[in-house]
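Reader: I have a structure open in front of me and many terms to get used to. Could we go through some of them together?

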Amino acid sequence: MRYLKSLFIMFALIFFSYANAQAFFSKDDIGSTTAQFLKLGIGAKSAGMGNAVTSVYNGTDAVYWNPANLNYAEKKELSFSHTIWFEDVNYEWLAFVLPTSEYGVFGLGMQYVSYGNIDKIDNQQISDGSISPLDMALYLSYANSNGNLDFGLNLKYIYSKIEQSASAIALDLGAKYNLTDKIAVGAALTNFGTEMKFDKETESLPLLFKIGASYFVINDWLVSLDLNFPNDNEVYVNFGTQYNIEIAENLNFDLRAGYEGRNKDIPGFNWINLGFGLEYLDYVFDYAFVPYGDIGMTHRFSFSIKFGKTVEKNNTVSPTETTPSVEVQTETKEPEKSAEKTDTPKQTTQTRQQPEITETSKPAEKTAAQKQQVAPQTEKKETVEKAEKTNTTQQQTKKVNTQTQAGKK
């Protein structure tokens with residue numbers, strides 16, 4: 001009941017923020033930013049959940065969505081994602097994550113979009129060759145944690161080319177907080193950076209602030225909700241869910257569904273995303289179906305592999321917390337010395353735990369030793385007395401015999 005109450009309050013705050021934000025964000029800002037490819041999203045798992053993953057760990061995809069979630073990586077991980085887009089557009093994502101035990105988690109990512117060859121047409125409708133536009137972004141990520149709070153950031157290099165090229169530098173900031181074992185909240189600010197200049201025109205990047213919450217209804221069923229505040233469109237909501245099914249040992253199957261509010265105005269079927277995932281040991285395959293109404297359907301495929309040893313993170317343990325174990329080892333090496341020095345007033349913890357054994361054992365041993373020492377002396381005395389008594393008897397017998405023989409004579 002406490003979890004449900006916390007979840008209700010969290011979702012209520014998100015919807016309250018959504019209602020108030022409508023007055024500040026509108027469709028009038030559409031088209032006012034450049035590098036629109038940064039909005040495409042990455043990863044089949046995230047897409048299958050309607051991209052409502054600000055507070056959800058989604059593997060290496062966290063580099064793009066919220067770098068704070070990288071703190072949950074336990075092994076090195078490499079992933080690749082391919083999206084079949086419209087026409088001749090190819091959309092790729094490649095990422096690598098490296099967790100460490102003491103220095104946090106590091107990540108690399110590359111987002112790449114190629115649009116094929118496009119014919120150039122002049123004012124007289126005459127072909128004038130072709131161009132090959134492309135968009136690319138390189139990510140350098142870092143994440144760490146402090147208790148229940150996870151935080152992370154990206155440093156991004158953004159490059160776009162049509163006929164001319166332009167570039168920019170940007171930052172992504174992310175945070176996540178675990179309220180309970182079942183409820184988590186997250187927030188991220190993405191594409192905060194310099195402007196891009198094509199020829200003489202300068203345009204800003206598509207800045208986005210988002211907050212989200214996730215809740216495990218049961219151990220295998222997760223629901224999540226994100227509220228998005230873009231600087232070039234109205235506020236929209238994403239919703240997603242995932243259910244895990246254990247097919248066999250080390251083999252799991254995930255079913256996913258989601259809704260992405262950004263696409264609500266596209267005519268046609270676009271109200272639900274669907275997907276699934278298959279995980280065997282350290283190998284994961286994900287697929288997502290994302291409709292865009294009358295524009296068309298898209299299919300996303302992702303594959304990831306984990307390798308290396310599991311990293312035990314010690315970054316939250318302070319050096320003072322590990323010191324007592326060293327002291328205990330030092331004390332356990334010298335228990336006898338501590339027991340021998342009975343005159344010393346200061347005693348170790350282990351000596352204090354064993355006073356009764358030490359004190360009671362010594363008298364017992366002393367009594368036994370005394371008995372062992374007394375016993376031989378007693379036996380010796382009894383033997384001497386017995387010998388003396390025997391000699392006296394023999395002398396008396398001999399004397400009687402001598403007198404007897406003398407009387408006979």
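Author: Happily! Let's begin with an empty space: the second largest cavity holds about 30 Å³. Keep in mind that this is a predicted model.

Reader: How do you know that there is empty space inside?

Author: Rolling a probe the size of a water molecule over the atoms shows where empty space is left. A search of the whole structure found 2 cavities of 30 Å³ or more.

Reader: Which residues line the second largest cavity?

Author: Its lining is made up of Gly 41, Ile 42, Gly 43, Ser 81, Thr 83, Tyr 91, Glu 92, Trp 93 and Arg 300. They divide into 3 nonpolar, 4 polar and 2 charged residues.

Reader: What makes Gly 41 and Gly 43 count among the polar ones?

Author: That is a matter of the rule used here: Gly is placed with the polar residues, so Gly 41 and Gly 43 of the lining go into that group.

Reader: Which strand gives the most to this lining?

Author: Strand 2 does, with 3 residues. Strand 1 (76-84) and strand 2 (90-99) each supply at least two.

Reader: Let's move to single residues. Why is Arg 256 called buried?

Author: Its relative accessibility is 6%. Buried means under 20%, so Arg 256 qualifies. You will find Arg 256 in strand 15.

Reader: What makes the link between Arg 256 and Gln 242 a polar contact?

Author: The side chains of Arg 256 and Gln 242 are joined at 2.7 Å, and the cut-off is within 3.5 Å, so the distance fits. A second polar contact, of 3.5 Å, joins the side chains of Arg 256 and Asp 254. Beyond its neighbours within four places in sequence, Arg 256 also touches residues including Lys 45, Met 49, Phe 276 and Asp 286.

Reader: How do you know that strand 15 and strand 16 pair?

Author: Pairing needs at least two bridges, and strand 15 (residues 251-260) and strand 16 (residues 273-280) have 8, so they pair, in the antiparallel sense. As one example, Gly 258 stands opposite Asn 273 in strand 16.

Reader: How many bridges join strand 16 to strand 17?

Author: There are 7 bridges, and strand 16 and strand 17 (residues 283-291) run antiparallel. Here Gly 275 has Ala 288 in strand 17 as its bridge partner. The hairpin of these two strands has 2 residues between them, and Leu 281 takes a positive phi near 55° in it.

Reader: What makes a positive phi worth pointing out?

Author: Most residues other than glycine have a negative phi. Asn 191 is not a glycine, and its phi is near 65°. Asn 250, also not a glycine, has a positive phi of about 70°.

Reader: Are Asn 191 and Asn 250 buried or partly exposed?

Author: Asn 191, in strand 9 (residues 183-193), has a relative accessible area of 7%, under the 20% cut-off, so Asn 191 is buried. Asn 250 lies in the loop between strand 14 (236-248) and strand 15. With 41%, Asn 250 falls between the 20% and 50% cut-offs, so Asn 250 is partly exposed.

Reader: And why is Asn 71 called buried?

Author: Asn 71 has 10% relative accessibility, which is under 20%, so Asn 71 counts as buried. Asn 71 sits in the loop between helix 3 (62-65) and strand 1. A polar atom of the Asn 71 side chain lies 3.0 Å from the backbone oxygen of Ala 68.

Conventions:
Residues numbered from 1 in each chain as written. Predicted model: local features only at pLDDT ≥ 70, side-chain atom pairs only at ≥ 80, totals over all residues. Heavy atoms only, no water. Helix = DSSP H or I, 4+ residues; strand = E, 2+ residues; numbered from the N terminus. Buried < 20%, exposed > 50% of the residue type's maximum accessible area, 1.4 Å probe, protein only. Polar contact = N/O pair within 3.5 Å; in protein donor to acceptor, adjacent residues only side chain to side chain. Contact = heavy atoms within 4.5 Å. 1 Å grid on protein atoms, 1.4 Å probe; cavity = no way out; pocket = protein on both sides within 12 Å on 5 of 7 lines; lining within 4 Å. Points joined across faces, edges and corners; volume = space filled by probe spheres on them.
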